[in-house]
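Colleague: I have a model open and would like to talk it through with you. Could you take me around it, one part at a time?

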Amino acid sequence: MGAIIRMNESLLNESLLIDMLKCARCGKCRALCPSFKENKWETSSARGRVLLSLGLMQNKIPMTKRLISDIFSCFICKQCSELCPSAVDVPRIIENTRTLIHKKGLTPSPIQLILDNLDESKNIFNMDQEDRLLWTMNVEELIENRICKPAEIGFFVGCLESFKGSLGVIPEALILIMDALKIDFTILGEEEWCCGNPYFIAGDSRHIANQFAEHNIQKMAALKVKTVVTTCPGCYRVWSSIYPVIYGTLPFQILHSTQLLAQLIAKGELQITNLLPQKIVFQDPCELGRHCGVYDAPRKILSTIPNVRLFDFENSRENSECCGGGGLVKAVHPNLAKLQCQNKIKQYLSNKIDQIITACPSCLDNYLTSLESNPETLTIKDLHELIAELLDLL
Ligand code: SF4
Ligand code: SF4
């Protein structure tokens, strides 16, 4: 055991090794792993990936292309850990294994490209930082005097919503809502860098990820914001769970935008009177739900909408399945991501759901792609967009 620990000291400590050995004899969660359901290979389940990880960390098996492919078919969704009797943190093990792969220079090229883009341009798309404000074209006059100005709330927009045209409606809707409620807010604009989430999920352990954290924290702190709000669950997880580990206690609180809106509803400052006579479901984003424990805020918001029927499946909240958009799987295995999403869509169609609501740019993006080939009876909408529409702001 000593030799094993010496071999990859930072990646395999004794408690992790014990967890991995327990997992190797179990397999209880296999049937619920979304990538196992599709691939039906043991190496696509939590136990299988943990066994591969153990073999690699003990230097007992070669780092083959097939093995790397299996490690990158994990959605980091944490569904296995939710049910695990031994509380094994599978996403942590997978991220450590991805670190090992990254250190050998064998990270799959679509993911390495994202990391190279981050190094070079501070965003995942390798776009000019000046283009970070392209999404604001419909709300320009609401933000032109608010960029990098001291304010109560610092809205961290994130790369996906800033640069991907179909997702720009998410920050636009939140800006409209905050402006209508006279909330004092700022955004960093060109000064915003990616939160760094791809570095962490890809297992890239270089110091550069810390520089992203320090940059974003210092920019927000300089504006004396009291609360950083983000609409992206990935950014929220990084700001609330990873930045404090890198930086220590942050000089502001972190909220996901659904928590902010739920607080405004509780205070009576946000009221929705327009009707929504539909049967809807909320897609729990994995990084908001299982990773950060935020389940109630979005449901509190949606349940205040008059006439709405908010439907919760048995496998929602803690047991909700990933939409297929997590863990960077989409970059390496786009078909697996799409199939997982289509499975969820089938469930919704058979339960006669009218509309899927989510509060995550990755979920929205994945559903928009996967719904293209489905009947128009089912639609997907971002929660902020829905609320802005019901307030007649959009
Ligand atoms: S993650 Fe937990 S439940 Fe799943 S196989 Fe490993 S030990 Fe068993
Ligand atoms: S984190 Fe999700 S995809 Fe990965 S092994 Fe666990 S259940 Fe499967």
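**Talking through the model**

Modeller: Let me begin with one pair of residues: Q283 has T358 in β7 as its bridge partner. Please keep in mind throughout that this is a predicted model.

Colleague: Which strands does that pairing belong to, and how many bridges are there?

Modeller: The strands are β5, residues 279-283, and β7, residues 355-358, and they pair in the parallel sense over four bridges.

Colleague: What is the strand order in that sheet?

Modeller: The sheet is open and has four strands in the order β6-β5-β7-β8, with parallel pairing. The edge positions are taken by β6 (309-310) and β8 (379-382), and because each has a single partner strand, one side of each is left without a neighbour in the sheet.

Colleague: Which helix packs on it, and at what angle to β5?

Modeller: Helix α16, residues 296-303, packs on the sheet and touches β5, β6 and β7, while its direction makes about 160° with that of β5.

Colleague: Back to β5, then: how does it join β6?

Modeller: Two bridges join β5 to β6, and the two strands run parallel; across that pairing, K279 stands opposite R309 in β6. As for its surroundings, β5 is mostly covered, with four of its five residues buried.

Colleague: Changing topic, what surrounds ligand 2?

Modeller: There are 14 residues around ligand 2, and the closest are C33, A46, C74, C77 and C80. Helices α3 (34-39), α4 (46-57), α6 (79-83) and α7 (90-103) each supply at least two residues of that shell. Sorted by class, the shell around ligand 2 holds ten nonpolar, two polar and two charged residues.

Colleague: And ligand 1, which residues come nearest there?

Modeller: Around ligand 1 there are 15 residues, of which C23, C26, C29, R47 and C84 come nearest. The helices α2 (14-24), α4 and α6 each supply at least two residues of this shell, and the largest share, three residues, comes from α4. By class, the residues around ligand 1 divide into ten nonpolar, two polar and three charged.

Colleague: So which helices turn up in both lists?

Modeller: Helices α4 and α6 do, since each supplies at least two residues to the shell around ligand 2 and at least two to the shell around ligand 1.

Colleague: What about the other sheet, what order do its strands have?

Modeller: That one is an open sheet of four strands in the order β2-β1-β3-β4, with parallel pairing. Its edges are β2 (185-187) and β4 (253-256), each with a single partner strand, so one side of each is left without a neighbour in the sheet. From one strand to the next, the twist averages 30°.

Colleague: How many bridges are there between β3 and β4, and which helix packs on them?

Modeller: Strand β3, residues 227-230, is joined to β4 by four bridges, and the two run parallel; V229, for instance, stands opposite L255 in β4. Helix α15, residues 257-266, packs on the sheet and touches β3 and β4, with its direction at about 90° to that of β4.

Colleague: I also clicked on C232; where does it lie, and why does it count as buried?

Modeller: C232 lies in the loop between β3 and α14 (233-247). It counts as buried because it has 30 C-beta neighbours inside 10 Å, where the cut-off for a buried residue is 20 or more.

Colleague: What does C232 touch?

Modeller: Leaving aside residues up to four places away in sequence, C232 touches G158, L160, E161, C360 and P361. Between C232 and G293, which are 61 residues apart along the chain, the C-alpha separation is 15 Å.

Colleague: P361 is in α19, I think; is that helix mostly covered or mostly open?

Modeller: Helix α19, residues 361-371, is mostly covered, as eight of its eleven residues are buried, and P361, D365 and Y367 are among them.

Colleague: Last one, on the whole protein: what is its radius of gyration, and what would a compact globule have?

Modeller: The protein has 21 Å, which agrees with the value near 21 Å that a compact globule of 394 residues would have. Its C-alpha atoms fill a box of roughly 60 × 50 × 35 Å along the principal axes, and 46% of the 394 residues are buried. Among contacts with a separation of 6 or more, 78% link residues 24 or more positions apart. The protein has 20 helices and eight strands.

Note on methods. Residues are numbered from 1 along each chain as its sequence is written. Chains are lettered from A and ligands numbered from 1 in the order in which they are written. This is a predicted model: local features need pLDDT of at least 70, side-chain atom pairs count only at pLDDT 80 or more; totals for chains, interfaces and linings use all residues. Two strands pair if DSSP finds at least two bridges between them. Two residues are in contact if their C-beta atoms, placed from the backbone, lie within 7 Å. Axes are lines fitted to C-alpha atoms, for helices over the stretch in contact, and angles run from 0 to 180 degrees between N-to-C directions. A residue is near a molecule or strand if its C-beta atom, placed from the backbone, lies within 6 Å of it. Ala, Val, Leu, Ile, Met, Phe, Trp, Tyr, Cys and Pro count as nonpolar, Asp, Glu, Lys and Arg as charged, and the others, Gly among them, as polar. The radius of gyration is taken over C-alpha atoms; the globule rule is 2.2 Å times the number of residues to the power 0.38. A residue is buried if 20 or more other C-beta atoms lie within 10 Å of its own, exposed if 12 or fewer, and partly exposed in between; C-beta atoms are placed from the backbone.
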